[in-house]
Each structure stands twice: as structure tokens, then as C-alpha cells.
Amino acid sequence: MAYWPVPTPFAEWNDRFRDAARTFWLPDLARAVNNEAGHGIRELATRMAGSVDSFGHLDRGPIASINFVTAHDGFTMADLVAYNHKHNEANKEGNRDGSDNNRSWNHGVEGPTDQANILRARRRSIRNLLATIATSIGVPMFTAGDEFGRSQGGNNNAYCQNNEIAWVDWDLQDWQTELLEDTQALLKLRSELPAHHQQVPHL
């Protein structure tokens, strides 16, 4: 990670947090299912503890780290757990646009499925990712719709889509309402943990 002078109290997106969280909960979990070795907990633990290696200099402190797993571009959280590959055909660029480094895992089936065991596993992985953001030291960032499992159908570069691919549908299914309630509970827990009440360093 290249450092550039960012004055206190400005914060910046922590890409290393994103990559560590995705890797631990998705491709490494897929490897474990196949009895293969993953990367271990060390990197994720560093990110969850405030990424001191990135933000422990110049008196910036852990609140300079914006912890996120998804953003306005890339997979939504629901798509991270449902697709191994991007599906950007609707963008009319031959599926060449958008990142190929998604660190995602479809849990055994690419895209939508009605298999109950896969749906349960996917939703558990979403909760794992949400909980990782909520309980980590730093500033949490959730992408709109991730708290209730919004999907873009595997499109990870929906900048040109003004339709159902990119819209947020607020007509929630039961499982989405449960996920939203779990997210609210995680944020309540965060507000009660002393470790998350960090002070901004003085200029």
C-alpha cells in the first residue's frame, strides 16, 4: 500500500481490509471445504484491529481506516456469495469491463438457486461479512442494499444500468427482513462496545 500525505482527521478507504475480509470468508472458506489450506486469520486480524501498519503513523489512528467489503462499483455483498465470475454482458462490452479480482465464492452454484442448503450458506457468509465490518476498529462503511441482500445479478460494473440491475428494491422478502434486523443488531452491538469509541487525534 502506497502512502500519501492525508491530514488528520481525514479517513480513507481501506482496500486491504476489503481484500482480507473477502479472502478469509469466501475463497479461503471454499478451499477449506475442499480440504485445502487458506491464508489463515493473521491478515484479517490485523485489519479488524485497526490496520496499524497502514494507519498507525503520523498520529492518524484507526479511525482513519474506512472499513468496507463492497462499494458503489464491484459486486454487491449478495453477489459476492453467489457468483465466482462477473456477468456484465448487459453492459455491451463483451464482459470485458469490471474487475476480475472479486475474491468471491458462489457456494457451489453460479447465480440464483432454490437449493436451501446453498441459500443458507450464502446468507451465513453475508452475515459473516457484515459482522466483520461492524465489529472492526475503524469507520464502518456499508453499501446501500447490502444490509438486506440486494443483488445486481452478478454485474460488477453497473454504472450504465438505469434499470432493475442497479435499482434498490425496497419490497423485501422474509429472509431480507431478517438480514436487515441482524444488521441493525450488529450496529447496536457496535455502539455498545468501548473499543469503538475512539477519539480523533488532535491536529
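Below are worked exercises on a predicted model.

Residues are numbered from 1 along each chain as its sequence is written, and side-chain values use heavy atoms, with hydrogens and water left out. In this predicted model, local features need pLDDT of at least 70 and side-chain atom pairs count only at pLDDT 80 or more, while totals for chains, interfaces and linings use all residues.

**Exercise 1. Place T23 and state whether T23 is buried or exposed.**

Solution.
- Start with the element: T23 lies in helix 1, residues 15–25. Helices (H or I, at least four residues) and strands (E, at least two) are DSSP runs, numbered from the N terminus.
- Next, the surface: T23 has a relative accessible area of 9%, so T23 is buried. Buried means under 20% relative accessible area, exposed over 50%, and partly exposed in between (1.4 Å probe, protein chains only).
- Then the side chain: a polar atom of T23's side chain is 2.7 Å from the backbone oxygen of D19. A polar contact is a pair of N or O atoms within 3.5 Å; within protein, one must be able to donate a hydrogen and the other to accept it, and residues adjacent in sequence count only if both atoms are side-chain atoms.
- Last, the partners: beyond neighbours within four places in sequence, T23 is in contact (heavy atoms within 4.5 Å) with D28, H39 and R103.

**Exercise 2. Describe the rest of helix 1.**

Solution.
- Look at the start: a side-chain oxygen of N14 comes within 3.2 Å of the backbone nitrogen of R16.
- List the buried residues: F17, D19, A20, A21, R22 and T23.
- Find the cover: it includes helix 2 (27–33), helix 3 (42–48), strand 2, helix 5 and helix 6.

**Exercise 3. Do the same work for T135.**

Solution.
- T135 is found in helix 6, residues 116–135.
- Its relative accessibility is 29%, so T135 counts as partly exposed.
- The side chain of T135 reaches the backbone oxygen of A131 at 2.7 Å.
- Leaving aside neighbours within four places in sequence, T135 touches M48, R190 and H196.
- L186 is 51 residues from T135 in sequence, and their C-alpha atoms are 7.8 Å apart.

**Exercise 4. Work out the sheet.**

Solution.
- Take the order: three strands form an open sheet, 1-2-3, with parallel pairing. Two strands pair if DSSP finds at least two bridges between them.
- Name the edges: strand 1 (12–13) and strand 3 (139–140) each pair on one side only.
- Check one pair: two bridges join strand 2 (residues 65–67) to strand 3. I66 has V139 of strand 3 as its bridge partner.

**Exercise 5. Describe the largest pocket.**

Solution.
- Give the volume: about 540 Å³. On a 1 Å grid over the protein atoms alone, a pocket is an open set of points where a 1.4 Å probe fits, with protein on both sides within 12 Å along at least five of seven lines; lining residues have an atom within 4 Å of a point. Grid points are joined across faces, edges and corners, and a volume is the space filled by probe spheres set on the points.
- Inspect the lining: of 27 residues, A78, G149, R150, S151 and W175 lie nearest the centre.
- Trace the elements: helix 5 (77–80), helix 6 and helix 7 (174–192) give two or more residues each. Helix 6 gives the most, with four.

**Exercise 6. Describe the second largest pocket.**

Solution.
- The volume is about 270 Å³.
- The lining has 18 residues, with R18, R22, D73, G74 and S99 nearest the centre.
- Helix 1 gives the most to this lining, with four residues.
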